[in-house]
Amino acid sequence: MNRLSLRTRLVAVAVALVAFAVTATGAATYVALRTYLYGRIDQQVSDLAVDPLHRICTPGNGPGEASPLQAPYATVIDHTGAQGTVVCPGFRLARTLALSPADASRLAAVAGETQPFGLRDTRGASYRAVAQPVQGDVLAIALPTSEADGTLGRLLGLELVVGAVALIGTGVVGAAGVRLGMRPLDRVTRTARTVAAELGPDGRGLDRRVPVVDPHTEVGQLSEAVNTMLDAVEREYAARWESEQRMRRFLADASHELRTPLTSLRGYAELVRLRGGLDEQAADSLRRIESEGTRMSRLVEDLLTL
């Protein structure tokens, strides 16, 4: 994570926050809607469980089958677990509930309870069902949850699309906003690199400064701090450069002033030695004077070179 740039981390945090908000909101909406839809189905199933034969056996216009749009799903389970079609006076219930033997036994075991529960028929369709004892057998009544499941599926798809658009939009807008907000930092970076590239021994290049847009922001305060640092460094460079120049002038003047008397000293010593007429001790002293003068001249030359 530390290897990522500040821009990338800021955008990643923004996207993560939006993803969390979208996920939490979507999950809460999905759970609330599912609770409402399934609660409504359970209420309808519970109402059918009160006097079930009267509620599901509503006579039509004559003998035949009840309208599939009006009748709930139902099946009769006898004591052996066998299932049969519900036959009402004058017609037969059109929507028969086909259960597996295990689900039929399960319904028979909870007959009389009014709390609906979920099950699937032999085709895999999902229902909310109750079972009531009727005339020695068990009457199972169920309502399909396909419409509610379809609504929930569409809601989930819509939430996924909206969430994806929100995340992509956050990433794009966040990246653009962060890039725009980080421009002052880019100016600080460019100024620092330019100063480092142009910096000379005399402090050349330290005259550059970072433009300060708003001193009340963090970036503005950073720009002011960098400018203050450049001011201090420029003053120190200027003082050091002036000190070096004074030292150079002093050494040059001292070397020049020392060369003149040393040259004269060597010249007079050589002139006296060449005239002759000196005893051995005086001649040796002149040679020593000339030798030391030559050595001092070399030291002065080295000092001047330095």
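How far does H4 reach from its first C-alpha to its last? In this predicted model, H4 has 36 residues and reaches 51 Å between those two atoms. That value is close to the 52 Å expected at 1.5 Å a residue.

The chain as a whole was examined next. Its secondary structure comes to 7 helices and 8 strands. The chain has 306 residues, and 27% of them count as buried. About 19800 Å² of the chain is exposed. Carbon and sulfur atoms supply 59% of that area. Contacts between residues at least 6 apart in sequence were also considered. Of these, 55% join residues at least 24 apart.

Helix H4 covers residues 146-181. Several of its residues are buried, including Ala148, Leu152, Leu155 and Glu159. Further along H4, Gly163, Thr170, Gly171, Gly174 and Val178 are buried as well. Helix H1 is part of what covers the buried residues of H4. H1 itself runs over residues 6-49.

Tyrosine 38 gives a residue-level view of H1 and H4. This tyrosine is found in helix H1. Is tyrosine 38 buried or exposed? Its relative accessible area is 10%, so tyrosine 38 is buried, the cut-off being under 20%. Leaving aside residues up to four places away in sequence, tyrosine 38 touches Arg128, Thr145, Ala148, Asp149 and Leu152. Two of these partners, Ala148 and Leu152, are among the buried residues of H4. Tyrosine 38 and alanine 148 are 110 residues apart in sequence. In space, their C-alpha atoms are 7.3 Å apart.

The largest pocket also involves H1 and H4. About 290 Å³ of space lies in this pocket. Its lining is made up of 13 residues. Which of them lie nearest the centre? Those residues are Arg40, Ile41, Gln44, Pro144 and Glu147. Three elements each supply at least two lining residues: helix H1, strand S8 (137-144) and helix H4. By class, the lining has 6 nonpolar, 4 polar and 3 charged residues.

Glutamine 132 lies in strand S7, which spans residues 126-134. Its relative accessibility is 12%, and therefore glutamine 132 counts as buried. Its contacts, not counting residues up to four places away in sequence, fall in several parts of the numbering. Ala49 and Pro52 are touched by glutamine 132. So are Gly112, Glu113 and Thr114. Asp137, Val138 and Leu139 complete the set of residues that glutamine 132 touches.

Toward the end of the chain, helix H7 takes up residues 280-305. Its 26 residues should span 38 Å at 1.5 Å a residue. The end C-alpha atoms of H7 are 38 Å apart, which agrees. Which residues of H7 are buried? They are Ala283, Leu286, Glu290, Gly293, Ser297 and Val300. Helix H6 (218-275) is included in what covers them.

Arginine 204 is found in the loop between helix H5 (183-198) and H6. Not counting residues up to four places away in sequence, arginine 204 touches Glu198 and Leu199. Arginine 204 and glutamate 234 are 30 residues apart along the chain. Their C-alpha atoms are separated by 8.6 Å.

Technical notes
Residues are numbered from 1 along each chain as its sequence is written. This is a predicted model: local features need pLDDT of at least 70, side-chain atom pairs count only at pLDDT 80 or more; totals for chains, interfaces and linings use all residues. Side-chain values use heavy atoms; hydrogens and water are left out. On a 1 Å grid over the protein atoms alone, a cavity is a set of points where a 1.4 Å probe fits but cannot get out, and a pocket is an open set with protein on both sides within 12 Å along at least five of seven lines; lining residues have an atom within 4 Å of a point. Grid points are joined across faces, edges and corners, and a volume is the space filled by probe spheres set on the points. Helices (H or I, at least four residues) and strands (E, at least two) are DSSP runs, numbered from the N terminus. Ala, Val, Leu, Ile, Met, Phe, Trp, Tyr, Cys and Pro count as nonpolar, Asp, Glu, Lys and Arg as charged, and the others, Gly among them, as polar. The expected span of a helix is 1.5 Å times one less than its number of residues. Buried means under 20% relative accessible area, exposed over 50%, partly exposed in between (1.4 Å probe, protein chains only). Contact means heavy atoms within 4.5 Å. Accessible areas come from the Shrake-Rupley method with a 1.4 Å probe; for residues, only the protein chains shown count as cover.
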